[in-house]
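Q: I am new to this structure. Please take a close look at one part of it: the pairing of charged side chains. Go residue by residue, and keep it brisk.

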Amino acid sequence: MKICASIAETRAACGAVREHSNRLQSGHPHPARLGLVPTMGALHAGHLSLVGAAKAQCDAVAVSIFVNPTQFGPSEDFSKYPRSFESDCAALEKGGADIVFAPTVGEMYSKDETTWVTVEGLSEKLDGRSRPGHFRGVTTVVAKLFHVIEPDAAFFGQKDAAQVAVIRRMVRDLNFPVEIVVCPIIREPDGLAMSSRNVYLSPEDRRRALVLSRSLQRVEKEFRAGQRAAAQLQEAGRAVVVQQPGVRLDYFEIVDPDTLDPIDPIAGKALVAVAAYVGATRLIDNVVLTP
Ligand code: AMP
């Protein structure tokens, strides 16, 4: 596994693994497929499931580790975001990654940079409404990563459902030649969606955090029992969260997974998304309902 800090080194490494894979396949020549898994490090089993999916679908896998400052608001946790580079690299080596791209902020952004990639509209919905500028930071850094690595496929987690919608739209609108692959949410045994931010939770908050997955289970149960009125389902889910002491609801919404616009009644696929502050930690979770 090659660990690269510079863009030049990463481009060379991606070129080399492509060439190597092509040579290995010289019997049945098809161009090597390079997969990218973008992360902010502090890796857990959710991230590693993306690496596993990329391994299964590609000839070579690059993983980026970059805590991207432009997607954090001024009062958010950029400086204290968990960083565990050594153990991340060990996990990636074991998971079979070929390249790790771990740039500094200075390598990714020029001091006088003024260019942004913005998906208008979608970027102001769900998490974008609560975190102004967040998705502009995400789309800008993902566009940069796509230009550096030039992957054939990029792997994202359904955990960040609004991010998936925004990135899919960016790729479509800007004709990036990248297939977006979305992988299921990996959970702790008790249902809590894995997140790098779970380390912030005190034991008490860790218990309280279960209210997110519980609220989604409630909605899923009512949906399976035949309820199709989104307003009713939303109210049922919201009620579960607001009765939990120590938890402050940010949003509980039922939306179209592609447009992130509210839908009611539910006739096709519906994204049920929740965000809440557990103590000072903002957590998100979601489920997709299919009639
Ligand atoms: P992050 O490091 O938080 O930026 O996440 C990097 C990627 O891992 C994103 O595509 C996330 O959606 C994905 N991811 C984070 N947590 C999970 C999880 N519990 N299950 C599946 N994917 C996840």
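A: Start with burial. A residue is called buried under 20% relative accessible area, exposed over 50%, and partly exposed in between (1.4 Å probe, protein chains only). The model is predicted, so local features need pLDDT of at least 70 and side-chain atom pairs count only at pLDDT 80 or more, while totals for chains, interfaces and linings use all residues. Residues are numbered from 1 along each chain as its sequence is written, and side-chain values use heavy atoms, with hydrogens and water left out.

Now the pairing itself. Side chains of opposite charge can pair when their charged atoms come close. A salt bridge here is a side-chain nitrogen of Lys or Arg within 4 Å of a carboxyl oxygen of Asp or Glu. The structure holds 17 of them. Helices (H or I, at least four residues) and strands (E, at least two) are DSSP runs, numbered from the N terminus.

Take Arg-131 with Glu-76. Their side chains meet in a salt bridge, 2.6 Å from N to O. The two residues come from distant parts of the chain, 55 residues apart. Arg-131 sits in the loop between H5 and helix H6 (134-149). Glu-76 sits in the loop between strand E3 (60-65) and H3. Arg-131 is buried, because its relative accessible area is 10%. Glu-76 has 28%, so it is partly exposed.

Next comes Lys-125 with Asp-261. Their closest N and O atoms are 2.8 Å apart. Lys-125 lies in the loop between H4 and H5, and Asp-261 in the loop between strand E7 (247-255) and strand E8 (270-278), so this pair ties together parts that are 136 residues apart in sequence. Lys-125 is partly exposed, at 23% relative accessibility. Asp-261 is partly exposed as well, at 32%.

Then Glu-253 with Arg-129. This salt bridge has an N to O distance of 2.6 Å. Glu-253 belongs to strand E7 and Arg-129 to helix H5, so parts 124 residues apart in sequence are tied together. Glu-253 counts as buried, because its relative accessibility is 12%. Arg-129 has a relative accessible area of 49%, so it is partly exposed.

What links Asp-127, Asp-250 and Arg-282? A network of salt bridges does. Look at Asp-127 within it. Asp-127 lies in helix H5 (residues 127-130). With a relative accessible area of 8%, Asp-127 is buried. Its neighbours can be listed by contact, meaning heavy atoms within 4.5 Å. Leaving aside residues up to four places away in sequence, Asp-127 touches Phe-135, Ala-162, Tyr-251, Ala-275, Arg-282 and Ile-284. Arg-282 is thus a contact of Asp-127 and a member of the network.

For contrast, turn to Lys-111. This residue is found in the loop between helix H4 (105-108) and H5. Is Lys-111 buried or exposed? Lys-111 is exposed, because its relative accessible area is 90%. Its C-alpha atom is separated by 36 Å from that of Ile-185, 74 residues apart along the chain.

Place H5 once more. Asp-127 lies in this helix, and so does Arg-129. Arg-131 follows in the loop between H5 and H6, and Lys-125 lies in the loop between H4 and H5. Each of Arg-131, Lys-125 and Arg-129 forms a salt bridge, and Asp-127 belongs to the network.
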